Amino acid sequence: MLQKVLVINALLRGGIPFIIMVGIALLLNFQGKYSDAKSTFFASLIALFVGAATVIYNIDHWSLTKQSAIHFLIMLITVYPILLLSGWFTIVSVFDALKIFLFFVLVGAILWLVLFTLAKVFSW
């Protein structure tokens, strides 16, 4: 039963922003704003995976360390490739991909710390 609830929550948390943003991307595309449409679509994919993966933190029998590690791995195999393919960064070498990876880790760590602090303050 818990698995079914987690799947439904993942679909809602990731799917709703994804559908809204894809709609915006389609509107931008129809208006001839192709670059904006492409960026919005890539952002919608990131929102899908980030939103869906938040259910990991609802698995109470996992430690915070395990939840965070699994979440990081999911982000690594979903969001990081999206960043590489999005066109938002110039990539001409493996070193560029490494810089993007470091950016990915830094932003992720900052967001994790901010949300962890907010969760503690507001007892989420």
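In this predicted model, a good place to begin is with helix 1 (residues 2-30) and helix 2, whose axes come within 7 Å and cross at roughly 180°. The two helices are therefore roughly antiparallel to each other. If you follow helix 1 along this contact, you will find A10, R13, G14, G15, P17, F18, M21, V22, I24, A25, L28 and N29. Facing them from helix 2 are Y34, D36, A37, T40, F41, A43, S44, L45, A47, L48, G51 and A52. Sorted by class, the residues of this contact come to 16 nonpolar, six polar and two charged.

Now let us move along to the next pair. Helix 2 packs against helix 3 at an angle of about 180°, and their axes are 10 Å apart. Helix 2 and helix 3 are therefore roughly antiparallel to each other as well. On the helix 2 side, F42, L45, I46, F49, V50 and A53 make the contact, while helix 3 brings H71, I74, M75, T78, V79, I82, L83 and L85. This contact holds 12 nonpolar and two polar residues, with no charged ones.

Helix 3 also meets helix 4, and here the geometry is worth a look. The two pack at an angle of about 140°, with 11 Å between their axes. That angle makes helix 3 oblique to helix 4. Their crossing is right-handed. From helix 3, the residues in this contact are L64, S68, F72, M75, L76, V79, Y80, L83 and L84; from helix 4 they are A97, L98, I100, F101, F104, V105, W112 and F116. Of the residues in this contact, 16 are nonpolar, one is polar and none is charged.

With the helices in place, we can turn to the space between atoms. Rolling a probe the size of a water molecule over the atoms shows where empty space is left. The largest pocket in this model holds about 1100 Å³ of space. Its lining is made up of 31 residues, and those nearest the centre are Y57, H71, L111, W112 and L115. Helix 2 (34-53), helix 3 (64-85) and helix 4 (94-122) are the elements that each give two or more residues to this lining. Helix 4 gives the most, with 13 residues. As for the character of the lining, 22 of its residues are nonpolar, seven are polar and two are charged.

Two residues link these parts of the tour. H71 belongs to the contact of helix 2 with helix 3 and lies among the residues nearest the pocket centre. W112 takes part in the contact of helix 3 with helix 4 and is likewise one of the residues nearest that centre.

Terms used. Residues are numbered from 1 along each chain as its sequence is written. This is a predicted model: local features need pLDDT of at least 70, side-chain atom pairs count only at pLDDT 80 or more; totals for chains, interfaces and linings use all residues. Side-chain values use heavy atoms; hydrogens and water are left out. On a 1 Å grid over the protein atoms alone, a cavity is a set of points where a 1.4 Å probe fits but cannot get out, and a pocket is an open set with protein on both sides within 12 Å along at least five of seven lines; lining residues have an atom within 4 Å of a point. Grid points are joined across faces, edges and corners, and a volume is the space filled by probe spheres set on the points. Helices (H or I, at least four residues) and strands (E, at least two) are DSSP runs, numbered from the N terminus. Ala, Val, Leu, Ile, Met, Phe, Trp, Tyr, Cys and Pro count as nonpolar, Asp, Glu, Lys and Arg as charged, and the others, Gly among them, as polar. Axes are lines fitted to C-alpha atoms, for helices over the stretch in contact, and angles run from 0 to 180 degrees between N-to-C directions. Angles under 35 degrees count as roughly parallel, over 145 as roughly antiparallel, 65 to 115 as roughly perpendicular and the rest as oblique. A crossing is left-handed if the near helix is turned anticlockwise from the far one by less than a right angle, and right-handed if clockwise. Contact means heavy atoms within 4.5 Å.
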